[in-house]
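Dear colleague,

I am handing over the structure we talked about, and I would be glad if you could keep it open while you read. My notes on what was found follow below it.

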Amino acid sequence: MTDQALQQHLSTRRSPPIASLGGEVPDGDIRSMLELASRVPDHGMLVPFRFILYRGDSRTVVGQRLADRLQERDGPLSDAARQKEEERFSRAPLVVGVVFVPKDNGPKPIPEWEQFLCSGAVAMNLLHAASALGYRANWITNWYSDDAEARTLLGLKPEERVAGFVHIGRTDINLPDRERPRVEDLMTDYSPDGKG
Ligand SMILES: Cc1cc2nc3c(=O)[nH]c(=O)nc-3n(C[C@H](O)[C@H](O)[C@H](O)COP(=O)(O)O)c2cc1C
């Protein structure tokens, strides 16, 4: 990718609707995407992340378990609400769970928040890696990332957290850009008198 192509990609990237993602994602492409996604800055080289793949039939199994969990937690679901939960992971051909794995390290440990940011960088890198291989991707978290029981049924260990569920597939959809923040509104020069 030339710098110009990279700039073009960064300035036009959008997250397509998950339901628009189709096709198949062969093993070789999955491996390439995860290799690219893993190339993140990583203080202490702790590798505080791992991937869980949801593909094939496991996507519907996990959806049914999520529906059961939500019903257990919040009470009976309408048919439509149950169907929505059941289809959560089967709308795209591949969902990659980017999992934050906190690592204990040394007498002067790398703080956990730095490690969490590192796992978030992996999720962002995965969006770009998917595009580089001709796919599109959408990064979500949703209610099940914040529910300990749901995290367990999704395959996470108690100490792990979700950085994101990145839905990947092919689509021709071209979304117009959404409103973006004006950098001028976000930017200040540091003020040595403490007002910056
Ligand atoms: C950590 C994180 C979690 C997100 N979770 C959700 C989510 O649960 N549901 C959702 O609709 N969008 C979620 N989003 C937002 C989408 O990924 C996407 O950024 C948004 O739709 C804006 O689109 P854009 O990427 O085209 O700018 C999340 C984004 C981040 C960074």
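**What was found**

N142 counts as partly exposed, because its relative accessibility is 31%. Please bear in mind from here on that this is a predicted model. N142 is found in the loop between β3 (residues 136-140) and α6 (residues 148-153), and although N142 is not a glycine, its phi is positive, at about 70°.

N142 also belongs to the surroundings of the ligand, which are made up of R13, R14, S15, N138, W139, I140, T141, N142, R178 and R180. How far is an oxygen atom of the ligand from an N or O atom in the side chain of S15? The distance there is 2.5 Å, while for the side chain of R14 the corresponding distance from a ligand oxygen atom to an N or O atom is 2.7 Å. For the side chain of R180, an N or O atom is 3.1 Å from an oxygen atom of the ligand.

A second residue with a positive phi is V47, which is likewise not a glycine and has a value near 50°. V47 lies in the loop between α2 and β1 (residues 49-55), and because its relative accessibility is 40%, V47 counts as partly exposed.

P17 is worth a look as well. This residue is found in the loop between α1 (residues 3-12) and α2 (residues 27-37), and P17 counts as partly exposed because its relative accessibility is 38%. If residues up to four places away in sequence are not counted, P17 touches N138, I173 and L175, and N138 is one of the residues that surround the ligand. R178 is another residue around the ligand, and although P17 and R178 are 161 residues apart along the chain, their C-alpha atoms are separated by 14 Å.

Next come two helices that pack against each other. Helix α3 (residues 58-74) and helix α4 (residues 79-86) meet at an angle of about 135°, and their axes are 7 Å apart. Why is α3 called oblique to α4? The reason is the angle between them, which makes α3 oblique to α4. On the side of α3 the contact is made by R59, T60, G63, Q64, A67, D68, L70 and Q71, and on the side of α4 by R82, E85 and E86. Sorted by type, the residues of this contact are 2 nonpolar, 4 polar and 5 charged.

Within this contact, E85 deserves a separate paragraph. Is E85 of helix α4 buried or exposed? E85 counts as buried, because its relative accessibility is 4%, and the cut-off for buried is under 20%. Leaving aside neighbours within four places in sequence, E85 is in contact with G63, A67, L70, L77 and W143, and among these G63, A67 and L70 are residues of α3 that take part in the helix contact.

Finally, here is the protein chain as a whole. The chain has 7 helices and 4 strands, and from the N terminus on these elements run α-α-β-α-α-β-α-β-α-β-α. Along its principal axes the C-alpha trace spans about 60 × 45 × 35 Å, and of the 196 residues in the protein chain, 38% are buried. Among contacts with a separation of 6 or more, 79% come from residues that are 24 or more positions apart.

With kind regards

Methods
Residues numbered from 1 in each chain as written. Predicted model: local features only at pLDDT ≥ 70, side-chain atom pairs only at ≥ 80, totals over all residues. Heavy atoms only, no water. Axes fitted to C-alpha atoms, helices over the stretch in contact; angles between N-to-C directions. Helix = DSSP H or I, 4+ residues; strand = E, 2+ residues; numbered from the N terminus. Parallel < 35°, antiparallel > 145°, perpendicular 65-115°, else oblique. Contact = heavy atoms within 4.5 Å. Nonpolar A, V, L, I, M, F, W, Y, C, P; charged D, E, K, R; others polar. Buried < 20%, exposed > 50% of the residue type's maximum accessible area, 1.4 Å probe, protein only. Near = heavy atom within 4 Å. Polar contact = N/O pair within 3.5 Å; in protein donor to acceptor, adjacent residues only side chain to side chain.
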